[in-house]
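Reader: I would like a close look at one part of this structure, the group of aromatic rings and the elements around it. Please go slowly and explain each term as it comes up.

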Amino acid sequence: TDNEPFKAAMQKFTEKIVSMMKAEQLFQSQGGPIILSQIENEFGPVEWEIGAPGKAYTKWAARMAVGLNTGVPWIMCKQEDAPDPVIDTCNGFYCENFTPNKNYKPKMWTEVWTGWYTEFGGAVPTRPAEDLAFSIARLIQKGGSFVNYYMYHGGTNFGRTAGGPFMATSYDYDAPLDEYGLPREPKWGHLRDLHKAIKSSESALVSAEPSVTSLGNSQEAHVFKSKSGCAAFLANYDTKSSAKVSFGNGQYELPPWSISILP
């Protein structure tokens, strides 16, 4: 909240972290690998509850962060009123319908939930590889520009360090790399192939908005064109049935709840 002692401590901590990163020349503006900075995390729902003090704190946090001059963009997750130039981003299982609060800000998915927490006495949560890959491809075909997994690598909270009531020490999260660092198949391989296909479509994806064509009751094509070629995303939104569609000079069998990428 808009609490002066807390804000003073938070600013001191943030300045310390940023100065450490700058000293090692880690920001992209210095030639390093850090391309984004984040301030706060999912504060938006808290702000909705507490009102004016929350809004004041959000504006202060954004202003403080931008003033640190990292040379890379700052983001706020789940923060619909993130003030310029801070970019508001989406966290969740599905983010294809997310729209940033200004049309000149990129559409970014900062937490793709690959699974969920494990609780004592409950079932171990899982998320099918097909559903995860479909959600990512759907974001890209609808103008998404950035995807970050939560989690990509599972882990372990030892002893009493688990993050909440009734949460188990396992933080496996059904991640593509499991709690022990081993590839979880078919999820790991499926995502590897998905990102290869997206990467091979890069030139077309960044060149223009797609043209969208209906291929059936629950099927459509998103086609991106560039001077050097094109990329097509053939989508089947039917959750139960596959569909055979005609596109270009060929016919394609689309599995249910899937997107096939033609680079």
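What is the relative accessible area of Phe 93, and does that make this residue buried, partly exposed or exposed?

Author: Phe 93 has a relative accessible area of 31%, so it is partly exposed; buried means under 20% and exposed over 50%, with partly exposed in between, for a 1.4 Å probe and protein chains only. The model is predicted, so local features need pLDDT of at least 70 and side-chain atom pairs count only at pLDDT 80 or more, while totals for chains, interfaces and linings use all residues. Residues are numbered from 1 along each chain as its sequence is written, and side-chain values use heavy atoms, with hydrogens and water left out.

The rings come next. Rings of Phe, Tyr and Trp (its six-membered ring) pair if their centres lie within 6.5 Å, and planes under 30 degrees apart count as stacked, over 60 as edge-to-face and the rest as tilted. By this rule there are 16 aromatic pairs. One of them joins Phe 93 to Trp 113, with 5.1 Å from centre to centre and 90 degrees between the planes, which is edge-to-face. Because Phe 93 lies in the loop between strand S3 (87-92) and strand S4 (107-113), whereas Trp 113 belongs to strand S4, the pair ties together parts that are 20 residues apart in sequence. Here helices (H or I, at least four residues) and strands (E, at least two) are DSSP runs, numbered from the N terminus. Trp 113 is buried, at a relative accessible area of 12%.

A second pair, Trp 116 with Tyr 173, is tilted, with 6.3 Å between the centres and 45 degrees between the planes. This pair links distant parts of the chain, 57 residues apart: Trp 116 is in the loop between S4 and helix H4 (129-141), and Tyr 173 is in the loop between strand S7 (170-171) and helix H5 (187-200). Trp 116 counts as partly exposed at 34% relative accessibility, whereas Tyr 173 is buried at 2%. These four residues belong to one aromatic cluster, made of Phe 93, Trp 113, Trp 116, Tyr 117, Tyr 150, Tyr 171 and Tyr 173.

Next to Phe 93 in the numbering is Tyr 94, and the charged end of Arg 127 sits over the ring of Tyr 94, 5.0 Å from its centre; for this, NZ of Lys or CZ of Arg must be within 6 Å of the ring centre and within 35 degrees of the ring normal.

Strand S4, which holds Trp 113, is mostly covered, since seven of its seven residues are buried. S3 and S4 run parallel and are joined by three bridges, where two strands pair if DSSP finds at least two bridges between them; Asn 91 has Glu 111 of S4 as its bridge partner. S4 also pairs in the parallel sense with strand S5 (residues 144-150), over five bridges, and there Val 112 is matched with Tyr 149 of S5.

Helix H4 has 13 residues and reaches 18 Å from its first C-alpha to its last, close to the 18 Å expected at 1.5 Å a residue, the expected span being 1.5 Å times one less than the number of residues. Since 12 of the 13 residues of H4 are buried, this helix is largely enclosed by the rest of the structure; among the buried residues are Asp 131, Phe 134 and Arg 138. H4 is followed by Gly 143, whose phi is positive, near 95 degrees.
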